[in-house]
Structures are given as C-alpha cells and as structure tokens.
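Got your viewer open? Load the model below and keep the selection box handy, then follow along stop by stop.

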Amino acid sequence: MNIPTVSAPSVAIHDSDARFPVRRIFCVGQNYAEHAREMGGDPERQQPFFFSKPADAVVPSGATIPFPGRTEDLHHEVELVIALAGGGADVAVDAAERLIFGCAVGVDLTRRDLQAVAKKAGRPWDMAKGFDRSAPIGAILPGAVPERAAAITLDVNGDRRQSGVLADMIWAPAEIIAILSTYVRLAPGDLIFTGTPAGVGRLERGDAVAAAVAGLPALTFDLA
Ligand code: MN
C-alpha cells in the first residue's frame, strides 16, 4: 500500500499568486450582543468560548457548495476572519495585533438543528459546526484589522439578512487572540472566525450568498 498524498488546505491572498496555508481554524461563539440574545444567550461580557473547524473545511469565494447532509436547518453566520502570521501561548493583548497577517470575510456555516440537539444533550458541536465545506472564506487582505466602524453584512439572493459593524463585537480581535492563546498555543497559519452579528437564518438549496466586511475582498458562494 502506498503512503497517501494529502494536500494542505490554503486560502487565497488578495492580489497575489501566493496562498495562505491553513493550520487550524478556531471560532468564537456569540461575540455580538444581538446574536447572543437571538440564540438565547447572555450578552454580558462573560468570557468568550471557542470551538474549531477542520482546516480542510475552507471553501474559496465563487464556489458552489453541495447542500450538506444531515440537516434541514443550515444557517449562515458572516464573520470577520483573522489570519495569523505569528503565534505563541499567553499572548498579551497589546502584543496580539502584531501576530496578524491579514483579514478575510468568512461564513461559519452551521447545521443549527444538529447544534440544538447537541446543546440540549450536552454533546460536542463538532458535527454541527465542523463538517465538510463549513468554512467559506474570501481572499485574505494582508494588513491590520479593518476599522471598528466597518460594516459587516450578508445577503441571500440579494436580500440583506445580516448587518452590523465590527465595533459591535463584545471581544475585540486582540482580546480574542490573547484569551484563545491561554487555551492553545497559536501558530502561523491559524484562522480565527470572530463571531457573527444578529440575523442568522436558514439557507436553502439554490441560494446565492454574498458576505462582506467593508474594506475586505467580498465572499460569494452558491448552494447546490
Ligand atoms: Mn459563528
């Protein structure tokens, strides 16, 4: 038996032929107050919580994604994604932004029905959040995080479904990096999905999704 060849996942870099290699994907739960409330959570500034997606869940902009199995309630969550060029454990907040390679727009696709079952049963979220092609992501724009006033939006078939500004985040990118680095040692190639504003909702077969953060390359995808 031959040893299999496995390709490393990567993400496009804006205006470059180079690719950003993906090591791990971390996600923050309920980082916008209105979304925390719509999920039945408490938007008080409690410590953020984290979950993961597999690195090969990334899907480039422009893709047509086969509708995932095992769900009748696939949800969209538009998010600012931070791509790390550096890492470390126990990173200080004021050192965190120096680890950032750039930012992108991502969608944290969620099988909400499976997540609801998992929450109720106290089971892991992996199959609700970390399934195949669950992390569509646009090209990474190298540089700093967009300004706090930047709009973050998601349209389905031309209708606005989610709308917020980055300033609505309960935990800022530097704080997220610092806190996450107390749980795991961060490293170059890590992506961090930083949470979604209110308005999450169901996607259907055939839907066309357009996600945006002002100043970053747009993300579009279709569901087959
Ligand atoms: Mn999310």
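**Stop 1: helix 5**

Start by selecting Pro173, Ala174, Ile176, Ile177, Ala178, Ile179, Leu180 and Ser181, the buried residues of helix 5. Buried here means under 20% relative accessible area, exposed means over 50%, and partly exposed is in between, with a 1.4 Å probe and protein chains only. Before going on, a word on ground rules: this is a predicted model, so local features need pLDDT of at least 70 and side-chain atom pairs count only at pLDDT 80 or more, while totals for chains, interfaces and linings use all residues. Residues are numbered from 1 along each chain as its sequence is written, and side-chain values use heavy atoms, with hydrogens and water left out.

Helix 5 covers residues 173–183, and 8 of its 11 residues are buried, so the rest of the structure largely encloses it. Helices (H or I, at least four residues) and strands (E, at least two) are DSSP runs, numbered from the N terminus. What do the buried residues of helix 5 pack against? Show strand 3 (25–29), strand 4 (49–53), strand 8, helix 2 (93–96), strand 9 and strand 15 (191–193). Contact on this tour means heavy atoms within 4.5 Å.

**Stop 2: the nonpolar cores**

Next, pick Leu84, Leu109, Leu166, Ile177, Ile192 and Phe221, the residues with the most contacts inside the largest nonpolar core, which has 45 residues. A nonpolar core is a set of buried Ala, Val, Leu, Ile, Met, Phe, Trp, Tyr and Cys residues joined through side-chain atoms within 4.5 Å. Helix 5 supplies the largest share of this core, 5 residues. Now centre on Ile192: leaving aside residues up to four places away in sequence, Ile192 touches Phe26, Val28, Leu80, Val81, Ile82, Leu84, Ile176, Ile177 and Leu180. There is also a second, separate core of 18 residues, which includes Ile25, Ala57, Val58 and Ala135.

**Stop 3: the manganese ion**

Which residues are the protein donors of the manganese ion? Select Glu77 (OE), Glu79 (OE) and Asp108 (OD), lying 2.0 to 2.2 Å from the ion. Donors are N, O and S atoms within 2.8 Å of the metal (3.2 Å for Na, K and Ca); water is not among the atoms, so sites may look incomplete. Along the sequence, the donor spacing reads E-x1-E-x28-D. Glu77 sits in the loop between strand 7 (74–76) and strand 8 (78–84), and Asp108 in the loop between strand 9 (100–107) and strand 10 (110–111), so this pair, 31 residues apart, links distant parts of the chain. Both Glu77 and Asp108 are buried.

Add Lys129, found in helix 4 (residues 126–129). Lys129 is buried at a relative accessible area of 3%, and its side chain makes a polar contact with the side chain of Asp108 (2.8 Å). A polar contact is a pair of N or O atoms within 3.5 Å; within protein, one must be able to donate a hydrogen and the other to accept it, and residues adjacent in sequence count only if both atoms are side-chain atoms.

**Stop 4: two loops**

Jump to Arg70, in the loop between strand 6 and strand 7. Its phi is near 65°, a positive value in a residue other than glycine, and at 75% relative accessibility Arg70 counts as exposed. Then try Asn157, in the loop between strand 13 and strand 14 (159–165). Phi of Asn157 is near 50°, also positive, and at 45% relative accessibility Asn157 counts as partly exposed.

**Last stop: zoom out**

Colour by secondary structure, and you have 5 helices and 18 strands. Of the 224 residues of the chain, 51% count as buried.
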